Amino acid sequence: MRALVIGASGQVGAALLDVLRARGHAARGTHAQHHVPGLDHLDLADHAAVARAVEATQPDWVFCPAGLSFVDYCEDHAAERVSAGFVYYSTDYVFDGKGGPFGEDDPPRPLCVYGLSKHEGEQAVLAACRRAVVVRPSVVYGVERQQKNFVYQLLRAAQAGQGFRLAVDQKASPSYNSDVAAASVELAEGDHRGIWHIAGPEVVDRHDFALRVSREFGLDTSKLTAVTTASLNQKAARPLDGGLRVAKAQAALKTRLRGPSEGLRAMHEAGAAVDPPRNMQ
């Protein structure tokens with residue numbers, strides 16, 4: 001198939017390009033602010049440019065892991081005009097974190113603007129695109145060029161000898177980015193539709209996840225402090241008793257969704273490391 005990956009400079013987008021090409025598909029990728037050789041620049045706020053990119057590629061599927069959600073309506077309409085399928089990436093933050101883990105049929109009740117914007121994007125895509133897929137991951141981690149995800153944050157703090165305060169009452173389903181990408185491509189290959197939870201099969205709290213990161217990468221666990229979410233004074237409300245149920249994906253797909261310990265081992269073996277500060281290079 002021909003695929004267009006909008007936001008291919010990010011961790012899920014880059015993994016998508018790798019998986020698509022490894023499986024023999026023709027894939028074109030775009031970037032916005034972070035230039036990556038081989039990717040085309042595309043400003044998601046430029047609706048005409050998005051439409052031109054879709055028209056030029058004539059994709060069978062458009063994958064959109066790009067972070068800006070308020071322009072998704074433009075993207076899915078552009079895809080619909082060329083009869084392409086559209087894969088939209090949402091989040092577990094569409095749920096309120098009360099009584100999780102959550103399945104695909106549980107009603108979204110977002111607590112923060114981020115979760116609300118993602119839920120609105122889901123609704124727009126499902127309403128406007130006949131071949132729409134909504135993928136919901138949770139706490140995505142893995143090797144990534146920009147080194148922004150939670151694991152890299154923890155590695156940088158350890159490198160600098162800094163402590164890390166982590167919520168023991170905030171649960172999620174850490175999702176290995178390569179697995180999210182592989183499952184997404186398999187959904188497109190099978191012409192699946194609708195909402196899919198593509199995440200790790202284990203629900204863990206942030207402190208537990210950090211302990212697993214530390215054990216895998218040989219970090220000093222004494223620097224980790226278990227706290228409550230309330231004590232972190234975070235501006236946006238977080239779902240607490242969260243996590244995603246992935247039985248639907250596990251039953252329908254061949255892609256194996258790895259738990260955090262196995263995913264972190266794969267990330268480590270893939271060569272994940274924090275780049276030294278620029279003044280040290």
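Select Asp191 to begin: in this predicted model, Asp191 comes just after helix α6 and takes a positive phi of about 55 degrees.

From there, step back into the helix itself by selecting residues 177-189, which make up α6. At 1.5 Å a residue, the 13 residues of this helix should span 18 Å, and the C-alpha atoms at its ends are indeed 18 Å apart, so the expected and modelled lengths agree. Is α6 mostly covered or mostly uncovered? The helix is mostly covered, since eleven of its 13 residues are buried. Colour the buried positions and you will pick out Asn177, Asp179, Val180, Ala181, Ala182, Ala183, Ser184, Val185, Glu186, Leu187 and Ala188.

**The sheet**

Next, display the strands, where an open sheet of seven runs in the order β3-β2-β1-β4-β5-β6-β11 with parallel pairing. The edges are formed by β3 (40-41) and β11, each of which pairs on one side only. To follow the pairing inward, select β1 together with β2 (residues 26-31), which are joined in the parallel sense over five bridges, and find Ala3 standing opposite Ala27 in β2.

Now select β4, residues 61-64, and ask which of its residues are buried on each side. Trp61 and Phe63 are buried on one side, while Val62 and Cys64 are buried on the other, so that both faces of the strand are covered. This strand runs parallel to β1 (residues 2-6), to which three bridges join it, and Leu4 stands opposite Val62. With β5 (residues 85-89), β4 pairs in the parallel sense over four bridges, and here Val62 stands opposite Phe86. Selecting Leu4, Val62 and Phe86 together therefore shows Val62 with Leu4 opposite it in one pairing and Phe86 opposite it in the other.

**The nonpolar cores**

With the sheet still displayed, add the side chains of Leu16, Phe63, Tyr89, Val135 and Ile198, which touch the most other members of the largest nonpolar core, a set of 37 residues. The elements that contribute two or more residues to this core are β1, α1 (11-22), β4, β5, β6 and α6. Which element gives the most? It is α6, with seven residues, the helix from which this tour set out.

Centre the view on Tyr89 and show what surrounds it: leaving aside neighbours within four places in sequence, Tyr89 is in contact with Val12, Leu16, Phe63, Cys64, Pro65, Lys118, Val135, Val180 and Ser184. A second, separate core of 23 residues can be selected afterwards, including Ile6, Ala78, Val82 and Ala132.

**Two loop positions**

Move on to Ser138, in the loop between β6 (132-136) and β7 (140-141). Ser138 counts as buried because its relative accessibility is 1%. Its side chain makes a polar contact of 2.8 Å with the side chain of Asp92. Beyond its neighbours within four places in sequence, Ser138 is in contact with Asp92, Ala172, Ser173, Pro174, Ser175, Ala199 and Leu244.

Then select Val203, which lies in the loop between β11 and β12 (204-205) and is partly exposed, with a relative accessible area of 34%. Apart from neighbours within four places in sequence, Val203 is in contact with Pro101, Lys171, Ala172, Ser173, Gly242 and Gly243. Measure from Val203 to Gly190 in the viewer, and the C-alpha atoms should be 28 Å apart, although the two residues are 13 apart in sequence.

**An exposed helix position**

For a contrasting setting, select Ala251 in helix α8 (residues 247-252), which is exposed, with a relative accessible area of 70%. The C-alpha atoms of Ala251 and Asp105 are separated by 16 Å, with their positions 146 residues apart along the chain.

**Where to be cautious**

Finally, colour the model by confidence: the protein averages a pLDDT of 89, and 93% of the residues score at least 70. Which elements mark the lowest and highest confidence? The lowest is helix α3 (residues 72-81), at a mean of 63, and the highest is strand β11 (residues 194-197), at 98. Select residues 277-281 last, where the pLDDT is below 50 and where the stretch has two contacts in the model beyond near neighbours in sequence.

Notes:
Residues numbered from 1 in each chain as written. Predicted model: local features only at pLDDT ≥ 70, side-chain atom pairs only at ≥ 80, totals over all residues. Heavy atoms only, no water. Buried < 20%, exposed > 50% of the residue type's maximum accessible area, 1.4 Å probe, protein only. Polar contact = N/O pair within 3.5 Å; in protein donor to acceptor, adjacent residues only side chain to side chain. Contact = heavy atoms within 4.5 Å. Expected span 1.5 Å × (residues − 1). Pairing = 2+ DSSP bridges. pLDDT = per-residue confidence, 0-100. Core = buried A, V, L, I, M, F, W, Y, C linked by side-chain atoms within 4.5 Å.
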